[in-house]
Amino acid sequence: MCTIQVDKPHCPDTLVATLDEIRMHHFTTRGDMTDEMRVQGTFTDISLACGARVFTAHKAVLCASSPYFKELLGGGDENSIELEGVDPDPMEELLHFMYTGYLTVSAEEKERLKSVLFVADFLQMREVYDFCCCQILQAMSMQAFLEAWDIANTTNNEEMECEVIKYLGRNFRTLHKAKEFPELSLERMCALLTCSTLTVPAQDTVLRAVLTWLKHQDKECIDTYLLTLLPLIKFQDVSLECLQELLEEDPLVCDYPELERSITRAISLRFLKGRVCNRGEEVFQPLVALVVQMKDNSLVMLRYDIKKGIWLNPERLPLPKLQRYELIPRVVSVQDCKVYIVGGRAAGNCLNSMYMYNTATKTIHTARNMFNPRAGHGVCNLNGSIYVAGGFNSCGYIHCVERYEPEDDHWTSLAPLSETKVGISLAALNDRLYCVGGWDGERGLTSTECYDPAVNQWTRVACLPNKRYGMGAAGVDGRLFVMGGREDTDKWVTKDAMLVYDPSSDRWCATDTNVPFCPDEYFMVVWKQQIWLASFKGKQLLSYDSVKDQMIRPEQASYLRDCWGPLGIVMLNKNI
């Protein structure tokens, strides 16, 4: 990272600013200044009449922000436009967004959100439209949507019923935890399972939800219900871990032969070369995988076989090359063979891109872009959904949070963090998401926040004992583990390098575990009761056994020396 040092002759102190900070300040200041010029009518070249109000603006900004204006003004000499039927208040809100990238309307202002949504749709500003839709729908409870479904049936309103089913399908993982879920009829269960917007991680949630629903039905009806529901479940997409766990532990599977046969058949078909898996045979062969950036700027996946203690042949990923010294993207895995590479920065610009690498087919797919470009962010897989939070972009440090549903290729804007920050660590624990530490631009942070997807809400929990950012975090055995990181820009954590958070007591405590010091960020992933970790500069895989409270340095676990370091660490299945 280049640094510019500027001496201030009128001040004995030295001002040190990174190019990132200069760039962020430039974009933020430029946006505010051009918006002020719009309001004051400076250098404006077009007027927009909305009802009794007239706004002045700059054609270049309008065309860059709205496909509607780009088509309308392209090649023409218009200097005034009358926008019939457009409310002036939401138009003013959207003009402010075009210039600054900020919306002032909040999720609590439902009517304002609706009016902004309608005008954004008219102006073809798709990302603003999607954002407003998400905010409006999230403000409604599941019970309200189920009541709306009843009303739609009563009034024979097929369009309304279709929209309700689409929303419930997209939020199925929240719905199946609601108290009203077991009361759904078989007909409505079928409607949800066949919905085109059904969003679930690898069908695990669907299968578990169906079993939960069946357990609340009359026993004499379960056989009949199974015949109807089983064909609707995509068993080929259920994770191997989930299948084996249900086969061995769920009493419903043992009691109903048809269900047991479906699960056994699915496990068998998942094996390569027609290999059949007998009951009790281990179906998940774990690989720890690192995605690293090589010195030629290419991306390579390094895979470590835990059982054999050896590295497999590297795989070069066919992704766009990253520029050296740029902030790297984040990596997270979903299912047993899909690795997602999220955001980052290249050529001086923060990215909103996401790529999916399928380790089974060795192919790259471009996923839907995030709402917000970002680098220095946190990313985590919680129950098959990818959560992205914090970071920075051209607008400065950000606190916005987004969730990606792989099955639906759909992003949803969520409740924001309590403060803007970078260098955070996200970790999943007990069906909740934890955001730990961070840097707010001036200092390291001690804050810890917990997100509950069921209510779309962040809650402050016990603070870290000391300031920390750029650390690794992972949830295992009912506890949250944090290792390494910085306390300040020039001070790495050496004392109390490992911290453990217990949600039941809401307390952090330090351990005596010897965490090898490495002046860099740790990346961590969980396999059973073990945490596997790697660092940017360490070039060595480590394993921490949470049961024995023991740090292990496996033999032959050093990785390539000619790489700049990992973008992330994930767990894969060798059998896929």
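**Salt bridges and a cavity in the predicted model**

Asp-250 is buried, with a relative accessible area of 10%. In this predicted model, the partner of Asp-250 in a salt bridge is Lys-215, with 3.2 Å between the closest N and O atoms. Lys-215 sits in helix H11 (residues 204–215), while Asp-250 falls in the loop between helix H13 (240–249) and helix H14 (251–255), so the contact ties together parts that are 35 residues apart in sequence. Unlike buried Asp-250, Lys-215 is partly exposed, at 45% relative accessible area.

That pair is one piece of a wider picture, as the whole structure holds 21 salt bridges. Two others stay within a single helix. In helix H1 (residues 19–40), Asp-35 and Arg-38 are three residues apart, about one turn of the helix, and their side chains meet at 2.9 Å, N to O. Both ends are tucked away: Asp-35 is buried at 9% relative accessible area, and Arg-38 is buried at 6%. Helix H15 (residues 257–269) has a pair with the same kind of spacing, Arg-261 and Glu-258 being three residues apart, or about one helical turn. Here the closest N and O atoms are 2.7 Å apart, but Arg-261 is partly exposed at 43% and Glu-258 is partly exposed at 30%. Elsewhere, Glu-419, Lys-421, Glu-449 and Arg-460 join up in a network of salt bridges.

As for internal space, the search turned up two cavities of 30 Å³ or more. The largest holds about 100 Å³, and its lining comprises four nonpolar, three polar and three charged residues. Among them are Arg-173, Lys-177, Leu-382, Tyr-387 and Arg-403.

Key. Residues are numbered from 1 along each chain as its sequence is written. This is a predicted model: local features need pLDDT of at least 70, side-chain atom pairs count only at pLDDT 80 or more; totals for chains, interfaces and linings use all residues. Side-chain values use heavy atoms; hydrogens and water are left out. On a 1 Å grid over the protein atoms alone, a cavity is a set of points where a 1.4 Å probe fits but cannot get out, and a pocket is an open set with protein on both sides within 12 Å along at least five of seven lines; lining residues have an atom within 4 Å of a point. Grid points are joined across faces, edges and corners, and a volume is the space filled by probe spheres set on the points. Ala, Val, Leu, Ile, Met, Phe, Trp, Tyr, Cys and Pro count as nonpolar, Asp, Glu, Lys and Arg as charged, and the others, Gly among them, as polar. A salt bridge is a side-chain nitrogen of Lys or Arg within 4 Å of a carboxyl oxygen of Asp or Glu. Helices (H or I, at least four residues) and strands (E, at least two) are DSSP runs, numbered from the N terminus. Buried means under 20% relative accessible area, exposed over 50%, partly exposed in between (1.4 Å probe, protein chains only).
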